[in-house]
Amino acid sequence: MSLIERLFSGQPSSADEAKERLQFVLIHDRADLSPGKLEALKDEIIQVISKYVDIDQKQVDISLTEDRSHQRLVADIPLASPRARRR
Amino acid sequence: MTATILTITSGKGGVGKTTATANLGVALASMGNSVVCIDADIGLRNLDVVMGLENRIVYDLVDVIEGRCKLRQAMIKDKRIENLYLIPAAQTRDKTAVSPQDMVKLADDLRPNYDWVLIDSPAGIERGFRNALAPADKVIIVTNPEVSSVRDADRIIGLIEAEEKGPGMLVINRLKPEMVKRGDMLGTEDVLDVLAVELVGVVPDDEAVIVASNQGSPVVLNNRSIAGKAFENIARRLSGEIVPFTELDAGDNLLSKLSRLVRSGGD
């Protein structure tokens with residue numbers, strides 16, 4: 001695909017794809033936490049938290065992020081809707 | 001004289017460590033420095049052929065370490081350039097024949113008499129790499145602008161920092177400006193965004209490098225080669241000169257910038 005075609009197609013270039021894939025893989029490499037392990041961690045967190053409060057398990061998101069100096073695990077754990085909880 | 005010990009490494013194989021070592025050795029020596037290049041890839045000797053000195057080998061690195069010859073006897077004098085020497089790797093042994101302490105001692109023996117000692121590291125992150133890293137004052141990491149070699153470079157950068165040999169300096173080798181322009185190759189800025197390390201040079205892909213290795217005459221000796229020029233610039237930067245980076249990778253031209261801007265939603 002020529003540059004002009006791509007410019008209007010809205011498709012990411014393969015270089016952009018390469019950069020995104022690299023950033024993803026390096027975050028996991030640097031933390032020595034593979035996507036599979038992270039998934040297992042997420043399952044356990046769901047189990048533990050569910051003992052105390054009703055959560056919307058499908059919406060739970062645990063991800064690794066990175067800025068210049070720090071890596072962090074970010075967890076977004078929405079509670080189940082109040083109606084569901086009252087059931 | 002107090003030599004700077006410069007180790008050239010990469011993690012991934014085949015990205016151009018040996019080519020970089022040979023060319024930086026020749027470039028630094030051409031600038032008037034006395035230089036010793038050491039091939040630390042025991043069992044897979046290659047720096048000798050890239051430098052065109054394969055016919056002169058009598059003794060090798062393991063002979064020196066095991067005391068079968070004097071250091072001076074294992075140093076092959078370059079045929080073209082004054083004050084450039086090669087200590088070849090042993091071909092029939094493996095990396096366990098050398099320890100990191102052996103390499104530190106060897107470097108200490110060379111240090112008073114030369115300006116630069118360049119160590120060509122084997123690929124990988126094991127013993128051979130540890131041997132090459134142990135005596136280093138400075139480390140160059142060679143990478144190609146593609147996913148697997150950048151990933152390995154990141155791993156190596158981490159190991160170099162863990163050994164307190166950092167921060168390393170990055171050489172991006174075999175960059176194809178045309179592909180970067182089309183958006184089909186990571187550009188210099190992309191690689192630097194991902195690795196966050198100091199850049200010391202960008203070497204464009206150049207057929208003259210293959211021709212040079214066919215002939216055993218490092219490409220930096222060919223003054224029409226763009227890769228040769230890039231290696232010369234790296235040697236000058238290593239010597240403390242400020243050499244501006246040219247717009248080699250052309251990743252900065254307006255059209256490609258615009259197209260990336262549009263695609264990324266104006267980010």
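Helices (H or I, at least four residues) and strands (E, at least two) are DSSP runs, numbered from the N terminus. The model is predicted: local features need pLDDT of at least 70, side-chain atom pairs count only at pLDDT 80 or more, and totals for chains, interfaces and linings use all residues. Residues are numbered from 1 along each chain as its sequence is written, while chains are lettered from A and ligands numbered from 1 in the order in which they are written.

**Exercise 1. The two chains**

Task: State how many helices and strands chain A has and how many chain B has, then describe burial and contacts in each chain.

Solution.

Step 1. Chain A has four helices and two strands. From the N terminus on, its elements follow the order α-α-α-β-β-α. In chain B there are twelve helices and eight strands.

Step 2. The radius of gyration, taken over C-alpha atoms, is compared with the globule rule, 2.2 Å times the number of residues to the power 0.38. For chain B the radius is 18 Å, close to the 18 Å that the rule gives for 267 residues, so chain B is as compact as a globular protein of that length. Along the principal axes, the C-alpha atoms of chain B fill a box of roughly 65 × 40 × 35 Å.

Step 3. A residue is buried if 20 or more other C-beta atoms lie within 10 Å of its own, exposed if 12 or fewer, and partly exposed in between, with C-beta atoms placed from the backbone. Buried residues account for 8% of the 87 residues in chain A and for 52% of the 267 residues in chain B.

Step 4. Two residues are in contact if their C-beta atoms, placed from the backbone, lie within 7 Å. Of the contacts in chain A between residues at least 6 apart in sequence, 43% join residues at least 24 apart. For chain B the corresponding value is 76%.

**Exercise 2. A helix pair across the chains**

Task: Describe the packing of α2(A) against α7(B), and classify the residues that meet.

Solution.

Step 1. Two packed helices are described by the angle between their axes and the distance between the axes. Axes are lines fitted to C-alpha atoms, for helices over the stretch in contact, and angles run from 0 to 180 degrees between N-to-C directions.

Step 2. Helix α2 (residues 14-31) of chain A packs with helix α7 (residues 147-162) of chain B at an angle of about 30°, and the axes are 10 Å apart. Angles under 35 degrees count as roughly parallel, over 145 as roughly antiparallel, 65 to 115 as roughly perpendicular and the rest as oblique. The two helices are therefore roughly parallel to each other.

Step 3. A crossing is left-handed if the near helix is turned anticlockwise from the far one by less than a right angle, and right-handed if clockwise. That of α2(A) and α7(B) is right-handed.

Step 4. On the α2(A) side the contact involves A18(A), R21(A), L22(A), V25(A), L26(A), D29(A) and R30(A), and on the α7(B) side V147(B), V150(B), R151(B), D154(B), R155(B) and G158(B). By class, the contact has six nonpolar, one polar and six charged residues; Ala, Val, Leu, Ile, Met, Phe, Trp, Tyr, Cys and Pro count as nonpolar, Asp, Glu, Lys and Arg as charged, and the others, Gly among them, as polar.

Step 5. A18(A) lies in helix α2 of chain A and counts as buried because it has 21 C-beta neighbours inside 10 Å. Leaving aside neighbours within four places in sequence, A18(A) is in contact with V147(B) and L186(B).

**Exercise 3. A helix pair within chain B**

Task: Give the geometry of α1(B) and α11(B), and list the residues that meet.

Solution.

Step 1. Helix α1 (residues 17-30) and helix α11 (residues 226-238) of chain B have axes that come within 9 Å and cross at roughly 65°. The crossing is right-handed.

Step 2. N23(B), L24(B), A27(B) and L28(B) of α1(B) meet F231(B), E232(B), I234(B) and A235(B) of α11(B). This contact has six nonpolar, one polar and one charged residues.

**Exercise 4. Backbone exceptions after α7(B)**

Task: Find the cis peptide bond and the positive phi in the loop between α7 and β7 of chain B.

Solution.

Step 1. Most residues other than glycine have a negative phi, and most peptide bonds are trans.

Step 2. The bond from G166(B) to P167(B) is cis, with omega near -5°. P167(B) sits in the loop between α7 and β7 (169-175).

Step 3. E164(B), in the loop between α7 and β7, has phi near 55°. With 6 C-beta neighbours inside 10 Å, E164(B) counts as exposed.
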